[in-house]
Structure formats: structure tokens, C-alpha cells
Amino acid sequence: MSRPVLPALADYVADLEQIWASGILTNMGAFHQRLQAAVQHRVGIGQVTLWNNGTTALVAALAALDLRGEVVVTPFTFPATVQAIAALGLTPVFADVDPDSGTLCPSAVADRITTATSAILGTHVYGTFCDTDGLGRLAREHGLRVVYDGAHSFARRTPVFPAGPTSLGDVTMLSFHATKLFHAVEGGALITDDPELHERLTHYRNFGIRSEDVVSGTGLNGKMSEFHAAMGLRVLDLLDDEIDRRAELARRYAHGLRDVPGVSVIAGHGASVQYLVVRVDALSAGIDRDGLHRGLRELNIVSRRYFHPLCSDIPPFSGHPSAGYLPVARRFSAECLALPLHGGMDTEVVDRICAAITWQAASGRRWVA
Ligand SMILES: Cc1ncc(COP(=O)(O)O)c(C=O)c1O
């Protein structure tokens, strides 16, 4: 469904030669420092720390905020978002999402806040930002922390984040996994504009080591190696070209699917080109999302039901009372399908995928009729 952006092998080999010559493989070496500065420059706001993956970064962010009790979270996200909460012994409490954006809905969050709540964790779904002003307001009213899973957020041209006091929450995570448009094979980042939290995160990432003599009791190994940072730097050079190419392909998808009733492109055709996602309304399309997913697979077209299953359906999270009634998120999870999108695709392949979807929907409608 996706293909990683890869630099010319010779360029990466040249980096490997430098790493070999330096003898420094990890522990915030020169490549790490350069990539951290480059990501910082591109993000433009807050202070960036690099991590070995987005999930570890998210766990560290929640731990460094010293949260207690319950965290109100979106069910329409990748399992890592909710697993990070559970990994710290905190309780994930689900709130429904907004019917337009699929991101955590502030009024639904308000209904879930109790005296045990310590934070709100939203996901910028497919790169569409949560209502950060609405969630920020709630957090201020109730004395809560706000954390964003921005795993999909780096797939846009600058400015990556809108300027404004609420855009990062207390801290925002990015994923640089190989399936993401920008990647470092494995990797991630945290961004915060709280200098004290930034400092804590910097130490947390390295076992809580503050100096040769002073070690904090909380920390883990979240460091990005030099091999990963070198890949990140090379991919960063190719990022804007990949964004432009994907935007062109996304426009082609939107054009090719414009007349298919019940199938609408809801992501990829805007500022973020991380994923190309269609929403399938079975009644008007004549085929449901799962039928389309299977039908495309038979034609050797790989699509992904993303996010599926809904995190509130995954045991043990499904046992929490808040997991029961989340109709808007359930509908998103049942109707969304991510289609192939990467810069190496030919325009003609997009046309063939659109034709396959058009045909499947039309035969479904005939069958229903
Ligand atoms: C929304 C979301 N959160 C978290 C993650 C996990 O990130 P990582 O693979 O860098 O640990 C992903 C990865 O796909 C994701 O899509």
C-alpha cells in the first residue's frame, strides 16, 4: 500500500563510511544532532527531541508529565496510542470523535471528565489536526494535560503545525516509521514548548541520566541510533519532492473517484499527503468498505482498513464502560479505507485503481437493485 522513500544507496553508504570512521554508533552522535536540528527547523515551533520510535516517545511523554488515573483518548487511532496509556498503568477512557474530521470531539471529551482524569490524548487522524483550541480550553478549565499523537503530522509542507498557543498541547509525538512519508526506518520525535518538560524528556530518553553522578529513577532507552538518523537526513532531502508527487497522485484519485456515489476521498487530498483515504457509504455505493477491500485484494490492489479494529474493541480496553457507545468512531472505522499512495506510483496505476473501484461499486449497485 505504501513504499518507503529511499535515498540513492551510494549516498547512504557514504554516511555509513562516516559512521564507521567516527566509531560513534548511537548516544546522540553527529547524525542525531544534525537530524534533530533539521526536524526542529522544519517544525518551526517548540523544542524537538528525537526518539527510537513514536510509541516509546509517547510512553515517555505521558510518563514525564507524571499523570495519574484516567486519560481520555480517542478510540479511532492506532493501538499504540492507547497501549502507551496502559503501559504506564493509567486507564484509557474513550470519548467519541467529530463526525467531520474523525478526531477527538471536545464535547464528547467533556462528558468523560471525572475527578480521576489527568489528561486528554488526541490523534491528528491522517494529518488532520484535532480541535486543539477546543481541547485546550477544556484542559485549562479542568486542570488537565493535553498530549497529541501526531504520528501522521509530518507529511506536509511547512509550516508543519499551525502557529498558536494550543497547537502542540503540552507535547506532540511524531512517528518516523518506514510506513510514514518521512521516515528514519524506525524513529519518532516529541515537540513541546515547555522548556522544563523538554529538559526532562531529554534525560528520560537516556535512562534518566543527568550527569555522571546524578540519575533520575525514571527513564528508558529511547535513543535514535546514528544509522537511523543518517537515513532520516537523507529522506528529509527528498521530502518535498515526495509530498508534491503524492499531492499530484491524490488529485488524480479525487478526479477519478469524483462520480462514484458513496465513495469520497476524505484524506490525502489536502495539506497532508500521508495517506489517501476514502470513506465508503454502503447504501449509496452499493458495496460496503469490507467488500471493496476484499474486491480490490482479488485484483491484487492492496488497501488497508485504517484504523480497524477500533481501539475500544480491543481487549482489555473493550471492558471499560466508556468503550460501549461510540457511534461516530464506529462508523469511521467501518467505512474508511486507505488506498495505495507513494511517490513511485505511476499516474496510470491510480487510474486503474479508480476504475476498479468504479466498477466494483457499479456492480454492487446493480446487484442490490
Ligand atoms: C496514529 C499512530 N500512532 C502511533 C503509531 C506508532 O508509531 P511508531 O511505529 O513510530 O512506534 C503509529 C504508527 O503507525 C500511528 O499511525
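This note comments on the pockets, the ligand site, the cavity and the unusual backbone geometry of a predicted model.

1. Largest pocket. The largest pocket holds about 320 Å³ of space. Its lining comprises 15 residues, and those closest to the centre are Asn 300, Ile 301, Pro 340, Val 349 and Ile 353. Sorted by class, the lining of the largest pocket has eight nonpolar, four polar and three charged residues.

2. Second largest pocket. About 280 Å³ of space is found in the second largest pocket. This pocket is lined by 21 residues, of which Thr 55, Phe 78, Ser 175, His 177 and Lys 180 lie closest to its centre. Three elements give two or more residues to the lining of the second largest pocket: helix H3 (54-64), helix H4 (79-87) and strand S6 (171-175).

3. Character and domain origin of that lining. In the second largest pocket, eleven lining residues are polar, six are nonpolar and four are charged. Both domain 1 (9-234) and domain 2 (239-368) take part in the second largest pocket, each supplying at least three residues to the lining.

4. Surroundings of the ligand. There are 17 residues around the ligand, and Thr 55, Asp 149, Ser 175, Lys 180 and Tyr 306 come nearest. Among these, Thr 55, Ser 175 and Lys 180 are also listed with the residues closest to the centre of the second largest pocket.

5. Polar contacts and burial of the ligand. Which residues place a polar side-chain atom 2.6 Å from an oxygen atom of the ligand? Thr 55 does so, and Lys 180 has a polar side-chain atom at 2.6 Å from a ligand oxygen as well. In the side chain of Ser 175, an N or O atom is 2.7 Å from an oxygen atom of the ligand. The ligand taken alone exposes 390 Å², and the protein buries 92% of that area.

6. Internal cavity. The model has one cavity of 30 Å³ or more, and the space in the largest cavity is about 30 Å³. Its lining consists of Ala 151, His 152, Ser 153, Phe 154, Ala 155, Ser 175, Lys 180, Phe 182 and Gln 274. By class, the cavity lining has four nonpolar, four polar and one charged residues. Ser 175 and Lys 180 thus appear in the cavity lining and also among the residues that come nearest to the ligand.

7. Cis peptide bonds. Most peptide bonds are trans. Where does the model contain cis bonds? One joins Tyr 306 and Phe 307, with omega about 10 degrees, and Phe 307 sits in the loop between helix H10 (289-298) and helix H11 (327-335). Another joins Pro 315 and Pro 316, with omega about 5 degrees. Pro 316 is likewise placed in the loop between H10 and H11. Tyr 306, a partner in the cis bond to Phe 307, is one of the residues that come nearest to the ligand.

8. Positive phi values. Most residues other than glycine have a negative phi. Met 28, which is not a glycine, has a positive phi near 55 degrees; the residue lies in the loop between helix H1 (9-22) and helix H2 (30-43). Phe 207 is also not a glycine and has a positive phi of about 60 degrees. The location of Phe 207 is the loop between helix H7 (195-204) and helix H8 (226-256).

Conventions. Residues numbered from 1 in each chain as written. Predicted model: local features only at pLDDT ≥ 70, side-chain atom pairs only at ≥ 80, totals over all residues. Heavy atoms only, no water. 1 Å grid on protein atoms, 1.4 Å probe; cavity = no way out; pocket = protein on both sides within 12 Å on 5 of 7 lines; lining within 4 Å. Points joined across faces, edges and corners; volume = space filled by probe spheres on them. Nonpolar A, V, L, I, M, F, W, Y, C, P; charged D, E, K, R; others polar. Helix = DSSP H or I, 4+ residues; strand = E, 2+ residues; numbered from the N terminus. Domains from an automatic or database assignment. Near = heavy atom within 4 Å. Polar contact = N/O pair within 3.5 Å; in protein donor to acceptor, adjacent residues only side chain to side chain. Areas by Shrake-Rupley, 256 points an atom, 1.4 Å probe, with all protein chains shown as cover.
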